[in-house]
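The following exercises are intended for a reader new to this structure. Please examine the sequence and the model before working through them.

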Amino acid sequence: MRISVIGTGYVGLVTGVCLAEIGHIVTCIDIDALKINLLRSGKSPIYEPGLEELIVKNMAEGRLHFTNQYNEGLIRAEVIYIAVGTPSNEDGTADLSALEDAAIAIADQISNDVVIVTKSTVPIGTGDRLKAIIEYNKSNDSVSFEMVSNPEFLREGSAINDTFYGDRIIIGSDSVKAAEMIEEINKPFQIPIYKTSIRSAEMIKYASNAFLATKISFINEISNLCEKLDADITEVAQGMGMDKRIGAHFLNAGIGYGGSCFPKDTNALMQIAGNANHDFELLRSVIEVNKKQQNILTEKAKRRFGSLEGLKIAVLGLAFKPNTDDMREAASLTVVTDLIKSGAVVSAYDPIAIDNARKLLPEEVEFLSNIEDAIQDADCVFILTEWPEIVNFDLELYVSKMGKPVIFDGRNCLDMTKIQELKIEYHSVGRSSIYLNHSYPVSPLPFQGNKK
Ligand SMILES: NC(=O)C1=CN([C@@H]2O[C@H](COP(=O)(O)OP(=O)(O)OC[C@H]3O[C@@H](n4cnc5c(N)ncnc54)[C@H](O)[C@@H]3O)[C@@H](O)[C@H]2O)C=CC1
Ligand SMILES: O=C(O)[C@H]1O[C@H](OP(=O)(O)OP(=O)(O)OC[C@H]2O[C@@H](n3ccc(=O)[nH]c3=O)[C@H](O)[C@@H]2O)[C@H](O)[C@@H](O)[C@@H]1O
């Protein structure tokens, strides 16, 4: 099948490359000429494990092309995927300007019958709106087209794996023929397919992300309660997850969710509900809980040290999660800004996202190229992203580099047993703190002595 993909971001690029990998002829289009030039040279503009190898392979085998010219990119396409960004407007609604620009370009260029597939996450009803825009603006009246909603569920950092081994493919359309065509395209993936209407498919995407965000805010609230009741959230989550109805995934308490989608999509769904005169109270709480959760380490540190003025804090992990360079809505943006505002002296390290982080974090931050240099002579450490390199870092080096290390672990990712063996002062989320040389209460309740 001849396929065009509009937008070469995390979704568009991965979609295009994986469709080429299963044998389709794919042309990816982006208005960002720098990105296209980089891709044409066989380089990926994003960090995604395994992606660059597939780009090079499929370009070499003649199935994958890149252009920033719409006429070149859409010519003779049988299927056009739209995967442009739909970022948040100030009021939380989805900004659909890129989507509308893409629709106009499609209307202008298509010269044969085509199926148009929306991969971007869009408010319910957008498919109908795009159809009207294209119908109204199409330059060739003899051309007919059908709309399909095919929302994406990949996670950054495992995008290729999720594309090949996802749980389901949702195909929303009011054209049986168009739905069958998209089903056919995806057949080599051998992933269960669920067909529905366009609006239901659009809602499945928002509802799925909102549910996952709800699960995270729920376990974070339980963790806050665990701290007050001397329970251990990691054990509570383990026990909860054994119930198949709950499931073990997405029960990791921490400093809250970030990324380009959960914050954006939960806020967009709030607006969508509001526009439909529905007050989505539960989702409002999910968003509020997450905002508060991003402050918990800083609050613990303030209780522990009294003031952060002049305190040397090493922040390990900046990306919104491991295995990605994406800094969009990363917790580190909130945490590091607050630490600087509180007068702390911040050093920071991230294995991959550091170049993106440098553009977004306060200029006072000192960026180091390895963990050892970042923690050298630091008063305390904040762990914000559970990169394997940070999780597996030799805990004895904290002692040799810091003397009396104090660690605030925002992702509960360090080995508590080893921490206790090395007598390291350790504060985490939803678990009692391990003190040794101070009695300042870090948890909300008065200090309850050393935990054996
Ligand atoms: N990032 C993720 O993990 C996932 C994102 N999504 C959704 O997919 C959509 C895309 O997300 P990302 O790939 O992260 O966005 P992105 O921001 O990484 O990439 C979007 C790309 O579209 C390009 N673009 C913008 N306007 C264009 C136009 N008129 N013509 C051609 N290209 C244009 C931009 O230059 C950019 O390269 C969003 O709606 C997002 O919510 C869905 C699932 C996963
Ligand atoms: O629409 C999207 O963009 C995507 O958003 C998420 O994927 P992603 O944002 O890449 O990353 P996740 O692995 O879902 O993590 C999101 C955030 O939640 C946090 N998280 C995740 C899981 C958990 O148990 N606890 C927790 O705090 C992570 O640290 C991260 O900040 C969804 O998981 C994807 O299915 C969806 O396609």
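Three exercises follow, each with a worked solution.

The model is predicted: local features need pLDDT of at least 70, side-chain atom pairs count only at pLDDT 80 or more, and totals for chains, interfaces and linings use all residues. Residues are numbered from 1 along each chain as its sequence is written, chains are lettered from A and ligands numbered from 1 in the order in which they are written, and side-chain values use heavy atoms, with hydrogens and water left out.

**Exercise 1. Describe how the chain is divided into domains.**

Solution. Begin with the assignment, whose bounds come from an automatic or database source: domain 1 covers 2-196, domain 2 covers 205-292 and domain 3 covers 294-440. Next, consider domain 2 and domain 3, whose C-alpha centres lie 23 Å apart. In contact (heavy atoms within 4.5 Å) are 20 residues of domain 2 and 20 residues of domain 3.

**Exercise 2. Characterise the surroundings of ligand 1.**

Solution. First, list the neighbours, a residue being near if one of its heavy atoms lies within 4 Å. There are 26 residues around ligand 1, and Asp30, Lys35, Tyr70, Thr86 and Lys264 come nearest. Second, inspect the polar contacts (pairs of N or O atoms within 3.5 Å). A polar side-chain atom of Asp30 is 2.6 Å from an oxygen atom of the ligand, and one of Arg328 is 3.0 Å from an oxygen atom. The side chain of Glu156 places a polar atom 2.7 Å from a nitrogen atom of ligand 1. Taken alone, ligand 1 exposes 830 Å², of which the protein buries 88%; such areas come from the Shrake-Rupley method with a 1.4 Å probe. Third, locate ligand 1: it lies between domain 1 (2-196) and domain 2 (205-292), because both give residues to its shell.

**Exercise 3. Carry out the corresponding analysis for ligand 2.**

Solution. Start with the neighbours: of 19 residues around ligand 2, Phe153, Leu154, Lys205, Asn209 and Cys261 come nearest. Helix H9 (residues 198-229) gives the largest share of this shell, three residues; helices are DSSP runs (H or I, at least four residues) numbered from the N terminus. Then turn to the oxygen atoms of ligand 2. A backbone N or O atom of Glu156 lies 2.9 Å from one oxygen atom, and a polar backbone atom of Phe320 is 3.0 Å from an oxygen atom. In the side chain of Lys321, an N or O atom is 2.9 Å from an oxygen atom of ligand 2. Finally, consider burial: ligand 2 alone exposes 700 Å², and the protein buries 90% of that.

Conventions: Polar contact = N/O pair within 3.5 Å; in protein donor to acceptor, adjacent residues only side chain to side chain. Helix = DSSP H or I, 4+ residues; strand = E, 2+ residues; numbered from the N terminus.
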